Amino acid sequence: MSYPSPTTKIFANDSSTIGMMVAIGAHDSLVGVSSMKRDQRVFEEHYGPDAMKGVEDVAGSMPSLETIVARNTQLVVAGWNYGFKDGGVTPDALKSKGIDSYVLSVSCLQKQGEKARGIMEPWTALGDDLTNLGRITGNTTQAQQVLDDVNARKDKLAGAPQAATAPNVLMFDSGDKTVFTSGKFAAPQAIITAAGGRNVMDDVDDSWTTVSWERIAATNPDVIVFDDYGTQTFAQKVAMLESNDSTKNLPAVKNKRYLNLPYAMWVSSPLNIDAAEQLRHKMEQCGLEPKSDLPQPRFDDDIAVSATS
């Protein structure tokens, strides 16, 4: 699909696409954003206090088609279940209003009409999106600089001493009757692998998905990483794991090997490399990876809140 270049009136939904736009210096092209949740603080800390200057957050979730049209939008950047959904705003609905769409690569449906998402390895998806959005916005140079930085830091992680057996890492997004987690096509897969770990759900051919508590118990994770967002707090998640008979004796739970990072770092964006560096650092601290001469992570985003607070 071709787009006007540069496209100067873009609406972005979710911290993933917002993070990409900010990273490549295209925030001036944003006529509005939605579903940013609490991640404005994360963007400002990583990209500077003016990173979101002039960017208006118009809705807690994908706004109506009428709201998008009213902002004179040329292009909407979102993903399936990251804004686009059947029965809501879709690329076809936008097209009927003369508005283009860009679907986030990591969210692409494997088969039309089915729920499973993800058609490529997550680092590849991120690289494709950064490159494409750079071309669309006219920020090709900065997009390439961002991608080069991500790849250089990923290479440093790969060159560090590795454990004989990669530590098992579980992404715990949220839980109730089932657990929302990440399969092999979502960004946590890329983050965990780059850090030297193994995503215990790497055999699940999907991106973000639900699994049973029995499946969680069988994974025997050495570390649990948490997606900090929404109404279910870190303390509540930890309490759930530590009180559930099927999980309370898992190695990660017994030893309280937890890493709790903001939502914006777990969805596809350049912040994924920061998450990978912080996870590697955590695993070294826990004795799960050999000590290395890797530099201290640039940021410390761990929201370490006691489960009893």
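**Exercise 1.** In this predicted model, find how strand S12 and S13 pair, and over how many bridges.

*Solution.* Start with S12, which covers residues 223-228. Set it beside S13: the two run in the parallel sense, and five bridges link them. For a landmark, look at Val225, which stands opposite Leu259 in S13.

**Exercise 2.** Work out which strands stand at the edges of the open sheet of S10, S7, S12 and S13.

*Solution.* First write down the order of the four strands: S10-S7-S12-S13, with parallel pairing. Next, look at the partners: S10 (198-199) and S13 (258-262) have a single partner strand each. These two are the edge strands, so one side of each has no neighbour in the sheet.

**Exercise 3.** Now zoom out: is the protein chain as compact as a globular protein of its length?

*Solution.* Begin with the parts list, 12 helices and 13 strands. The radius of gyration is 19 Å, and the globule rule gives 19 Å for 309 residues, so the chain is indeed as compact as a globular protein of that length. As for outer dimensions, the C-alpha atoms fill a box of roughly 55 × 40 × 35 Å along the principal axes.

**Exercise 4.** What share of the residues is buried, and what share of the accessible surface belongs to carbon and sulfur atoms?

*Solution.* Take burial first: with buried meaning under 20% relative accessible area, 54% of the 309 residues qualify. Then turn to the surface, which comes to about 13,400 Å², with 47% of it belonging to carbon and sulfur atoms.

**Exercise 5.** How far apart are the mean positions of the positive and negative charges?

*Solution.* Count 29 positive and 39 negative charges; their mean positions lie 2 Å apart.

Technical notes. Residues numbered from 1 in each chain as written. Predicted model: local features only at pLDDT ≥ 70, side-chain atom pairs only at ≥ 80, totals over all residues. Heavy atoms only, no water. Rg over C-alpha atoms; globule rule 2.2 N^0.38 Å. Buried < 20%, exposed > 50% of the residue type's maximum accessible area, 1.4 Å probe, protein only. Areas by Shrake-Rupley, 256 points an atom, 1.4 Å probe, with all protein chains shown as cover. Lys, Arg positive; Asp, Glu negative; His and termini not counted. Charge placed at Lys NZ, Arg CZ, Asp CG, Glu CD. Pairing = 2+ DSSP bridges.
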